[in-house]
Amino acid sequence: MEDIKTEMQNALATLKRGGLILYPTDTVWGIGCDATNAEAVDKVYALKKRKESQALICLVSDYKMLNQFIEDVPEVAYDILKFARKPTTIIYDDPIRVAENLIAADNSLAIRVSKDKFSNDLAKRFRKPIVSTSANISGEKTPESFAEISPEILEGVDYVVNLQKNKKSDKPSAIIKLSNDGKVKVIRK
């Protein structure tokens with residue numbers, strides 16, 4: 001258990017100073033940073049060679065944190081999350097208190113309440129959303145295991161969490177867009 005404590009402390013310290021972490025999530029290995037720090041978010045886009053117009057996902061620890069960063073969470077979101085059988089990311093309208101360069105052109109933000117113990121505890125202790133985007137260069141295949149992560153990504157982050165390295169990744173999350181006008185759209189099953 002001491003390893004988890006050390007990894008948690010190192011990951012938190014990296015996030016707090018605006019660095020990038022590579023960490024296991026409830027889906028695939030993710031590149032993470034402080035979702036409220038625009039410079040850190042820029043570093044993620046640069047590392048992934050991704051256009052800022054392609055939005056990134058954030059992880060939060062629970063509904064309370066979700067409500068702190070979304071102006072008005074539609075009631076249906078709680079039902080979707082309660083009954084989801086797999087990790088589910090929801091795109092919400094009107095995000096607040098996050099980096100401007102994280103918000104999509106239509107004023108929305110994708111957020112997942114993480115069920116993975118490490119990433120959930122990390123968000124809980126950090127007390128802010130954490131960016132979570134697959135650990136690959138944009139357009140390349142999403143790594144299914146730690147061993148498949150490219151050297152460019154490994155060298156481009158400030159800290160690699162040394163946990164679950166033998167775990168085969170689960171599939172990326174389902175993505176659902178919930179608009180404040182009541183529209184529900186499935187982006188990825």
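## A strand with two faces

Let's start in the middle of the sheet. In strand β5, the residues S108, A110 and R112 point one way, while L109, I111 and V113 point the other way, and all of them are buried. This fits a general pattern: in a regular strand, side chains alternate between the two faces of the sheet. Keep in mind as you look around that this is a predicted model.

Why is β5 described as largely enclosed by the rest of the structure? Six of the six residues in this strand, which covers residues 108-113, are buried, so the rest of the structure largely encloses it.

## The neighbours of β5

Strands of a sheet pair through backbone hydrogen bonds, and they can do so in a parallel or an antiparallel way. Here you can find both kinds by looking to either partner of β5. Strand β3 (residues 57-60) pairs with β5 in the parallel sense over four bridges. Along this pairing, I57 stands opposite A110, and C58 stands opposite I111.

Strand β4 (residues 88-93) runs antiparallel to β5, and five bridges join the two. In this pairing, Y92 stands opposite L109.

## The whole sheet

Now step back to see the full set of strands. They form an open sheet of six strands in the order β6-β3-β5-β4-β9-β10, and the pairing is mixed. Which strands are at the edges? They are β6 (130-131) and β10 (184-188), each of which pairs on one side only.

## The nonpolar cores

The largest nonpolar core has 41 residues, and those touching the most other members are L22, I31, Y92, L102 and V131. Several elements each supply at least two residues of this core: α2 (38-48), β3, α3 (63-69), α4 (75-83), β4, β5 and β9 (174-178). The largest share, five residues, comes from α2.

L22 is a good residue to explore on your own. Leaving out residues up to four places away in sequence, L22 touches a list of residues that includes W29, I31, F146, I149, L154 and V160. Apart from the largest core lies another one, of 15 residues, among them M8, F126, Y159 and V161.

## The largest pocket

Finally, look for the largest pocket, which has a volume of about 360 Å³. It is lined by 22 residues, and the closest to its centre are R50, I57, T133, S134 and R188. You have already met I57, the residue opposite A110 in β5.

What kinds of residues make up the lining of this pocket? Seven are nonpolar, ten are polar and five are charged.

Terms used. Residues numbered from 1 in each chain as written. Predicted model: local features only at pLDDT ≥ 70, side-chain atom pairs only at ≥ 80, totals over all residues. Heavy atoms only, no water. 1 Å grid on protein atoms, 1.4 Å probe; cavity = no way out; pocket = protein on both sides within 12 Å on 5 of 7 lines; lining within 4 Å. Points joined across faces, edges and corners; volume = space filled by probe spheres on them. Nonpolar A, V, L, I, M, F, W, Y, C, P; charged D, E, K, R; others polar. Buried < 20%, exposed > 50% of the residue type's maximum accessible area, 1.4 Å probe, protein only. Pairing = 2+ DSSP bridges. Core = buried A, V, L, I, M, F, W, Y, C linked by side-chain atoms within 4.5 Å. Contact = heavy atoms within 4.5 Å.
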